[in-house]
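Q: I am new to this structure and would like a close look at a single part of it. Please start from one pair of residues and work outwards from there, step by step, until I can place that part among its surroundings.

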Amino acid sequence: MDASQQQLFDLLKLQKIDSSVDQLQARLGSLPEQRELEDLEQRYRDLERKTAEREAELDEVLGRQRKLEHEIDGCTQKIEYEQKRMNSGDISNVRELSGLAAEIESLKRRKDRFEDDDLEVMQERETLEGTIDAMRVDLDQLQQQIQSVTQKRDEASAEVSKELDAQKDSRASWAPRLPGDLVGYYEGLRSTKSGVGAAPLQGSTCMGCHMKLPAQEVERVRKANGLVRCDECGRILVVVDRKQD
Ligand SMILES: [Zn+2]
């Protein structure tokens, strides 16, 4: 394929634009703010799940507490009932009276045990409620952080997108200056060579593969007319300092 020196210079310019587009697209796909945001969202979900687990525990504790309080009420009512019976004077049988007194004592001991348990459950409940409150505060803080990082991410993304659009515009206006078959050839190389299809020869180094070429090879490239490719990497090699020869 033939190409004039000017076309090769123009091709290098196109390569520069394409490399910028590639870099900007890569930047857009790996914004640090995006990673930070994903990290925060993950932490939020984890904490939300843990909070839900604690809330389920609290529900269970509240259920136990209600049951205990129901038992305590039951004991209180029975004690009152039995005490009324004892004090009513209706029962005069001594054995029956002492049986009743024993029953009341037994109910009181039972009630004491329920009350001890209730106290323990109350402490469990307070601890859990404190933990859940602290978790909710953390969730709120995370939510605020997420909002602020989302805003930063959007700003960064808009900035890179703007640059990207500008580079794409400049590519769209630059590419038609070059022969279609040359651009097609260059693009074919670009697609198999990490996005770089054309590179300058700087001194004796191919800037595509960064290899120092042997003197003989440098001479071949410098003397060649038209399109020439690097022996090492196969990219189009453009002599940019020909005038100094
Ligand atoms: Zn090379």
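A: A good place to begin is Pro-200, which stands opposite Val-238 of strand S4; the model shown here is a predicted one, and everything below is to be read with that in mind. Pro-200 and Val-238 belong to the pairing of strand S1, residues 198-202, with strand S4, residues 236-239, and these two strands run in the parallel sense, joined over four bridges.

Strand S1 also pairs with strand S2, residues 205-206, but here the strands run antiparallel and two bridges join them. Within this pairing, Leu-201 has Cys-206 of S2 as its bridge partner. The turn that links S1 to S2 is a hairpin with two residues between the strands, and in this hairpin Gly-203 takes a positive phi near 65 degrees.

From Cys-206 the path can be followed one strand further, since this residue also has a bridge partner in S3, namely Met-211. S2 and S3 are antiparallel, and two bridges hold the pairing.

Put together, the four strands make an open sheet whose order is S3-S2-S1-S4, and whose pairing is mixed. S4 and strand S3, residues 211-212, stand at the edges, and because each has a single partner strand, one side of each is left without a neighbour in the sheet.

The next step outwards leads to a helix. Helix H1, residues 5-29, lies across S1 and S4, and its direction makes an angle of about 115 degrees with that of S4. H1 also meets helix H3, for the axes of H1 and H3 come within 9 Å and cross at roughly 155 degrees, which means that H1 is roughly antiparallel to H3. The crossing of H1 and H3 is a left-handed one. On the H1 side, the residues that take part include Leu-14, Ile-17, Val-21 and Leu-24, while those of H3 include Val-160, Leu-164, Gln-167 and Trp-174. Counted by class, the contact between H1 and H3 holds eight nonpolar, six polar and six charged residues.

H3, which covers residues 94-174, has a further partner in helix H2, residues 32-87, and the axes of H2 and H3 come within 6 Å while crossing at roughly 165 degrees. H2 and H3 are therefore roughly antiparallel to each other as well, and their crossing is left-handed. The contact of H2 with H3 is made up of 28 nonpolar, nine polar and 29 charged residues.

Finally, the wider setting can be described in terms of domains. The domain assignment of the protein chain gives domain 1 as 5-25 together with 179-244, and domain 2 as 31-174. The centres of the two domains, taken over C-alpha atoms, are 67 Å apart, and where the domains meet, eight residues of domain 1 are in contact with eight residues of domain 2. On the side of domain 1 that touches domain 2, the residues comprise four that are nonpolar, two that are polar and two that are charged.

Technical notes
Residues are numbered from 1 along each chain as its sequence is written. This is a predicted model: local features need pLDDT of at least 70, side-chain atom pairs count only at pLDDT 80 or more; totals for chains, interfaces and linings use all residues. Domain bounds come from an automatic or database domain assignment. Two residues are in contact if their C-beta atoms, placed from the backbone, lie within 7 Å. Ala, Val, Leu, Ile, Met, Phe, Trp, Tyr, Cys and Pro count as nonpolar, Asp, Glu, Lys and Arg as charged, and the others, Gly among them, as polar. Axes are lines fitted to C-alpha atoms, for helices over the stretch in contact, and angles run from 0 to 180 degrees between N-to-C directions. Angles under 35 degrees count as roughly parallel, over 145 as roughly antiparallel, 65 to 115 as roughly perpendicular and the rest as oblique. A crossing is left-handed if the near helix is turned anticlockwise from the far one by less than a right angle, and right-handed if clockwise. Two strands pair if DSSP finds at least two bridges between them.
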